[in-house]
Amino acid sequence: MSLQLFELVPTTPSREAAEADIVITTAAVPGRRAPLLLDADALAGMRPGAVVVDMAAATGGNTALTVAGTTTTTGTGVIIVGATDLAS
């Protein structure tokens, strides 16, 4: 992977999420905390009413605001589903 591409990777999920109505995150590493894919700024950049389904909620979540076992709404109106009983 080129250095230029490597530097672009961290911003790609945030940029794509800003345009989406629904985002499903599934990144998990066995035995470790789930990697953070969407930080608070990325969530704030999403449209009100957008939904994030965080399939990694049980292991810490892929968003900065995921709460395991709970559906929450951010101050900007983004809904984060942190269900821990979803089939993978």
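This passage looks at the sheet of the structure and at the place of strand S2 within that sheet. The model is predicted, and the strands are described here from the sheet as a whole down to individual residue pairs.

The sheet is an open one, built from 4 strands in the order S1-S2-S4-S3, with mixed pairing. Its edges are formed by S1 and by strand S3 (71-73), each of which pairs on one side only. On average, and with direction ignored, neighbouring strands of this sheet are turned by 15° against each other.

Strand S2 (residues 51-54) sits between S1 and S4 in the strand order, and it is helpful to take its two partners in turn. On one flank, S2 runs parallel to strand S1 (residues 22-25), and 4 bridges join the two. Within this pairing, Ile24 stands opposite Val53 of S2. On the other flank, S2 pairs with strand S4 (residues 79-81), again in the parallel sense, over 3 bridges. Here Val51 stands opposite Ile79 of S4, while Val52 has Ile80 as its bridge partner.

What, then, of the two faces of S2, covered or open? Both are covered: Val51 and Val53 are buried on one side, and Val52 and Asp54 are buried on the other. In a regular strand, side chains alternate between the two faces of the sheet. The residues of S2 are divided in this way, with Val51 and Val53 sharing one side and Val52 and Asp54 the other.

Note on methods:
Residues numbered from 1 in each chain as written. Predicted model: local features only at pLDDT ≥ 70, side-chain atom pairs only at ≥ 80, totals over all residues. Heavy atoms only, no water. Buried < 20%, exposed > 50% of the residue type's maximum accessible area, 1.4 Å probe, protein only. Pairing = 2+ DSSP bridges. Axes fitted to C-alpha atoms, helices over the stretch in contact; angles between N-to-C directions.
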